[in-house]
Amino acid sequence: MNDFTYKEQQLWCENVPVNKIAEEVGTPFYLYSYSTLRNHFRVFTKAFADVPHIVCFAVKANSNLAVLKALIAEGGGVDIVSGGELFRALQAGVDPGKVVYSGVGKRVDEIEYALRSGILMFNVESLQELEVINLCAQDLGVKAGIALRVNPDVDPKTHPHISTGLKENKFGIDIERSLETYRQARSLQNLDIKGVSCHIGSQVTRLSPFLEALDRLSNLVRQLQEEDFDIRYVDLGGGLGITYDQEVPPHPAEYAQAIMAASRDLECTFVFEPGRVIVGNAGILVARVLYTKSNDNKNFIIVDAGMNDLVRPSLYNSFHAIRPVIEDNRKEIVADVVGPICESGDYLAKGRKIPAFQRGELMAVFSAGAYGFTMASNYNSRPRIPEVMVKDNQYYVVRKRETYADLIKHEEIPSFLINK
Ligand code: LLP
């Protein structure tokens, strides 16, 4: 369910017509529905109401302060992968006790920042990282909460670029070696070993990979408990998929039921790190058609948003539904929807059956709330586009459009080139 709906053939976000925002803000822009965002979070957390749990939103999916603030206000924590994400989450008022820090490449300054901020735990991905965290904690005179992120070697059956829980992936510590790594962790004085974590991949549309991973994790937890490790948290990562096209992923309630049923004997607080399932369908990208053209066998619809704004189609060949903001019953054509970037890979859709868009029309690119703006770049010196949030019948620009001056604000011409 989301709050992007057509009323009399016009697209609305909650109670605001999308074309009104486009007229006032200009295109392209990202548009988020506050009510959808909040609903998705509530549905997810309510699904686990019967067990102790923390929902740590994966900031990488959407790091806008307003989005973070909205979720934090609902009691959410965050899953971060960098000092920058920690900074954002703290600015948005997150409770540091609900912050988990994942990622294979944490720098010392980032670890120290997280320790000083008092985060819940690091999901540690290697023995060397464990040792570095221990030393940082010693220097700061604190204990670092940690879980080992184990790689359970399950196939999430998703796009290879976003699968993370297979042996061949760089993520986590091989589950077979993890017990030994936990024993090594015990010999380090400045760690508080709190839990076990995993994340198997993203856009997972079946339950079985999650249950397989949980089964392997539960075995590990049992072994650890036998050795008197005080395991208080089981972090199952994120990864629950959404509908972009025809996929029918499990509803969060089904996901929760299956997980709770399979883990009755685990007396732990669960941590979840959902990203996409919370924000993906709470956002769209709105673009305007610049030109249309055809050659012998192809139609092109050229829009003002490019791969620098939404890279998912170019990077993963992923599908985003596309519809006119103002619909009529026109004929459909098969076309490529492409952006202005000088790369053949710059497209939002390829060979898509789509209404015959005309120059000047507005286009809605759906399911763009997750990994949309966060993966945007300034390629081709294109200022990054604004983000807008609607609540009921009001809209708020929650990130301004960048200016040309923004593009160069960190650059400097060295003295030897001045006066040349
Ligand atoms: N936790 C960890 C440790 C992760 O690496 C990720 C995503 C998540 C949680 C959140 O996963 P989600 O619930 O959103 O599936 N750029 C790609 C997705 C990359 C996902 C990376 N990790 C895309 O656009 O599809």
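**Helix H9 and its surroundings, with a look at Val-398**

The buried residues of helix H9 pack against four elements: helix H2 (34-47), helix H8 (208-226), strand S13 (269-272) and helix H10 (276-279). The model described here is a predicted one. H9 itself covers residues 252-261, and its buried members are Pro-252, Tyr-255, Ala-256, Ala-258, Ile-259 and Met-260.

Of these packing partners, H2 deserves a second look. The axes of H2 and H9 lie 8 Å apart and form an angle of about 20°. Because angles under 35 degrees count as roughly parallel, H2 is described as roughly parallel to H9. The crossing of the two helices, H2 and H9, is right-handed. On the H2 side, the contact is made by Val-43, Phe-44 and Ala-47, while H9 contributes Pro-252, Ala-253, Tyr-255, Ala-256 and Met-260. Sorted by class, the residues in this contact of H2 with H9 comprise eight nonpolar, no polar and no charged ones.

Another place to visit in the model is Val-398, which is found in strand S21, spanning residues 394-399. Val-398 counts as partly exposed because its relative accessibility is 26%, and the partly exposed class lies between the limits of 20% and 50%. When neighbours within four places in sequence are set aside, Val-398 is in contact with Asn-64, Ala-66, Glu-387, Val-388 and Met-389. Turning to Ile-341, this residue is 57 residues from Val-398 along the chain, and the C-alpha atoms of Ile-341 and Val-398 are separated by 25 Å.

Terms used: Residues numbered from 1 in each chain as written. Predicted model: local features only at pLDDT ≥ 70, side-chain atom pairs only at ≥ 80, totals over all residues. Heavy atoms only, no water. Buried < 20%, exposed > 50% of the residue type's maximum accessible area, 1.4 Å probe, protein only. Contact = heavy atoms within 4.5 Å. Axes fitted to C-alpha atoms, helices over the stretch in contact; angles between N-to-C directions. Parallel < 35°, antiparallel > 145°, perpendicular 65-115°, else oblique. Left-handed = near helix turned anticlockwise from the far one by under 90°. Nonpolar A, V, L, I, M, F, W, Y, C, P; charged D, E, K, R; others polar.
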